[in-house]
Amino acid sequence: STVMPYIKQFYVGGANSLRGFQARSVGPGIYNDTTGVNYVDQTGDLKIETNIEYRFPVWGKLNGALFTDMGNIWLINKDDTREGADLNAETIQFAVSSGIGFRFNFNPIIIRFDLAWPMRYPYKYEDTNSHWVANKVFSDYEWRKENVILNISLGYPF
């Protein structure tokens, strides 16, 4: 088969991955779906993802966290309908998101609230010539309204 079965494909984004992006909305590679369809479902054959998270006690069973996530997915074979989706020297670009969170630790259950936002897109963002959007986090209210995401989940993300 030239295409991996859907159930075996990878995705990034969401509460347990790149928390500043909606699930299945990043990649593959530098591909950017500009069709305007509300349902985004980007999957790939290869995945690289990493996370750094600093957790600290706040009060009693309440803990805080500062985090940064980085990753992307790629296709093994070229897909003519998704330009830049296959893995090569030009498409090795990563999405980066950061955020803050609170964890309620009711051992063994952990309830997690993460507020996250994109810091870098794997493609050049809209009409700018840059992948980075970190400056918009604190300076652009309209951008924040559309891009800051609250993730609520159980357990730790990685």
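How many residues sit between β1 and β2 in their hairpin, and which turn residue has a positive phi? My notes on this predicted model start there.

1. The hairpin. β1 and β2 are linked with 2 residues between them, and Gly60 in the turn is the one with a positive phi, about 60°. The two strands pair in the antiparallel sense over 13 bridges. If you want a spot to check the register, look at Thr50, which stands opposite Met70 in β2.

2. The sheet as a whole. Going across, the order is β1-β2-β3-β4-β5, an open sheet of 5 strands with antiparallel pairing. β1 (46-59) and β5 (149-154) are the edge strands; each has a single partner strand, so one side of each is left without a neighbour in the sheet. Ignoring direction, neighbouring strands are turned by 20° against each other on average.

3. The middle of the sheet. β2 (residues 62-74) also runs antiparallel to β3 (residues 95-106), and 10 bridges join them. Here Leu66 stands opposite Ile100 in β3. β2 is mostly covered, with 10 of its 13 residues buried.

4. The β5 edge. β4 and β5 run antiparallel and are joined by 6 bridges; the bridge partner of Phe113 is Ile152 in β5. In a regular strand, side chains alternate between the two faces of the sheet. β5 does alternate, but have a look at what goes where: Ile149, Asn151 and Ser153 point to one face and are buried, while Leu150, Ile152 and Leu154 point to the other and are not. So the Phe113 partner, Ile152, belongs to the set that is not buried, because its relative accessible area is not under 20%.

5. The core. Nonpolar side chains tend to be buried together in soluble globular proteins. The largest nonpolar core in this model has 15 residues, and Leu18, Phe21, Val26, Tyr121 and Trp143 have the most contacts inside it. β3 and β4 are the elements that give two or more residues to this core.

6. Leu18 up close. Leaving aside neighbours within four places in sequence, Leu18 is in contact with Val12, Gly13, Val26, Glu49, Asp69, Met70, Gly71, Ala95 and Ser97. Two names on that list come up elsewhere in this note: Val26 is among the core residues with the most contacts, and Met70 is the residue opposite Thr50.

7. Backbone oddities. Most residues other than glycine have a negative phi, and most peptide bonds are trans. There are a few exceptions to go over. Arg24, in the segment before β1, has a phi near 65°, a positive value in a residue other than glycine. Its relative accessible area is 28%, so Arg24 counts as partly exposed. Pro28 is found in the segment before β1 too, and the peptide bond from Gly27 to Pro28 is cis, with omega near -5°. Another cis bond runs from Asn107 to Pro108, with omega near 10°; Pro108 lies in the loop between β3 and β4 (109-120).

8. Confidence. The protein averages a pLDDT of 88, and 96% of the residues score at least 70. Which element has the lowest mean pLDDT, and which the highest? Helix α1 (residues 136-139) is lowest at 86, while β2 is highest at 95. That puts the top mean value on the strand with 10 of its 13 residues buried.

Conventions. Residues numbered from 1 in each chain as written. Predicted model: local features only at pLDDT ≥ 70, side-chain atom pairs only at ≥ 80, totals over all residues. Heavy atoms only, no water. Pairing = 2+ DSSP bridges. Helix = DSSP H or I, 4+ residues; strand = E, 2+ residues; numbered from the N terminus. Axes fitted to C-alpha atoms, helices over the stretch in contact; angles between N-to-C directions. Buried < 20%, exposed > 50% of the residue type's maximum accessible area, 1.4 Å probe, protein only. Core = buried A, V, L, I, M, F, W, Y, C linked by side-chain atoms within 4.5 Å. Contact = heavy atoms within 4.5 Å. pLDDT = per-residue confidence, 0-100.
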